[in-house]
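Here is a friendly walk through the strands, rings and surface of one protein model. Keep the viewer open as you read.

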Amino acid sequence: MIGEKVSKINISDVAVEAGVSVATVSRVLNQNGYVSEAAEKSVRSAIERLGYVPNISARNFRKQESRVILIVAPNFTNPYYSHILSGITETSRTAGYSAMIFSGKTSNKEDILAEMVVGNKADGAILLTCNLDDTWIMKYADKLPIVQCSEAVENSTIPYIAIDNYAAMKDSINYIQSLGHKRIGFITVKNLWISTKLRKQSYMDEMKKIGVSTKGLIREVNDYSFENGRLAAIDLIMQAHPTAIACSSDVLALGAIAAAGEMGLSVPKDLSIIGFDDVDYTKMFHPYLTTIAQPCYELGKTSVEELIKCIQAKKNLSDKIVLNHKLKIRETTMLLG
């Protein structure tokens, strides 16, 4: 009601209501220090009865915490990142953190990190985008807990969460080869990501094992887009005449399927195609895409859990956590013949 005086419940009121000390209430609120089960139950009941709302901002200020996690992603258009971001934001919220998301495509990654460190605006950061040679990241590692997800600085000592990209592409190429294909094209992206490097190297190594030269069989595009995949596949089919094409992402593979259709080729009867990631689009229309599935939600969830460990330890750990991938055999691949 207008003009009515609102009484403000404070921590002392809660202590009196619960029949405990102010220190006990503080330990319950901050989850810091021993409190008996009975005392904690009494405090939480008192909080509920009184409608007490802790001043989170003030408490975080005193503890030098922001309760914010910084997320830097390459872009928001690639469907691969949507489930990772879901894993990050949902796990962050459950743990009492907010997620602040920036696009590394439109903002300078170093400027973002510097601003967070200087302004104490985030308790830690998860990087979904970084180049192999982004060694500048290490100078912030002593000032801010950082976790690398999917991509990493080569030979860095800060946490890294990903699948084994080399092994995953090996599984992809081995499967295609098991179907009798030897002339296997490869569509990838020109960038400095560790995932790209490992997938390409794995493809080349597996082709070498069966004595097939990769000269003329590789197409490198500027980014992971449907149109780039389509154009690269058209050129590859016209110039190299592969019987199968492996792609370093599903979006590129979907573009390759479209290209085959435009050229009058049937997938998989005339051309087998395999992708990488297992984004939602892979089963939106026939033929369903054979691909390597990444546990995207788990990548995001695990990254937050690892970051919280670093925050609590007040230092960056050197963990490298490798999650399992899986080959999903669907409708775009078949025996050569």
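The report below goes through two sheets, then some aromatic pairs, and ends at the surface.

**The six-stranded sheet**

Please bear in mind that this model is predicted. Let's begin with an open sheet of six strands, paired in the parallel sense and ordered β2-β1-β3-β4-β5-β11. Its edges are formed by β2, residues 98-103, and β11, residues 320-323, and each of these pairs on one side only. From one strand to its neighbour in this sheet, the turn averages 20 degrees when direction is ignored.

For a closer look inside this sheet, pick out β3 at residues 124-127 and β4 at residues 146-149, which are parallel and share three bridges. If you would like a residue pair to click on, Ala125 has Ile146 of β4 as its bridge partner. As a general reminder, the strands of a sheet pair through backbone hydrogen bonds, in either a parallel or an antiparallel way.

**The four-stranded sheet**

There is also an open sheet of four strands, again with parallel pairing, in the order β7-β6-β8-β9. Here the edge strands are β7, at residues 218-221, and β9, each pairing on one side only. The average twist from one strand to the next is 15 degrees.

Strand β8 is a good place to zoom in. It covers residues 244-247 and runs parallel to β6, residues 184-189, with four bridges joining the two. On its other pairing, β8 meets β9 in the parallel sense over three bridges. The table lists residue partners that involve β8.

| Residue | Partner |
|---|---|
| Gly185 | Ile245 in β8 |
| Phe186 | Ala246 in β8 |
| Ala244 | Ser272 in β9 |

Which way do the side chains of β8 point? Ala244 and Ala246 point one way, while Ile245 and Cys247 point the other way, and all of them are buried. This fits a general pattern: in a regular strand, side chains alternate between the two faces of the sheet.

**Aromatic pairs**

Now to the rings: the model has four aromatic pairs. In one of them, the ring centres of Tyr80 and Tyr81 are 4.9 Å apart and the planes meet at 70 degrees, so this pair is edge-to-face. Edge-to-face is the label used when the planes are over 60 degrees apart. Trp136 and Tyr140 also make an edge-to-face pair, because their planes lie at 85 degrees, with centres 6.2 Å apart.

Are these tyrosines buried or exposed? Tyr80 is buried, with a relative accessibility of 7%, and Tyr81 is buried too, at 4%. Tyr140 has a relative accessible area of 9%, so this residue counts as buried as well. The cut-off behind these calls is that buried means under 20% relative accessible area.

**A nonpolar patch at the surface**

Finally, turn to the outside of the model. Tyr281, Met284 and Phe285 make a nonpolar surface patch of about 320 Å². Tyr281 sits in the loop that links β9, residues 272-274, with β10, residues 291-293. Why is Tyr281 called partly exposed? Its relative accessible area is 38%, and partly exposed covers the range between the buried limit of under 20% and the exposed limit of over 50%.

Key. Residues numbered from 1 in each chain as written. Predicted model: local features only at pLDDT ≥ 70, side-chain atom pairs only at ≥ 80, totals over all residues. Heavy atoms only, no water. Pairing = 2+ DSSP bridges. Axes fitted to C-alpha atoms, helices over the stretch in contact; angles between N-to-C directions. Patch = residues over 30% accessible without salt bridge, like charges linked within 9 Å, V, L, I, M, F, W, Y side chains within 5 Å. Areas by Shrake-Rupley, 256 points an atom, 1.4 Å probe, with all protein chains shown as cover. Salt bridge = Lys/Arg side-chain N within 4 Å of Asp/Glu carboxyl O. Buried < 20%, exposed > 50% of the residue type's maximum accessible area, 1.4 Å probe, protein only. Phe/Tyr/Trp six-rings, centres within 6.5 Å; stacked < 30°, edge-to-face > 60°.
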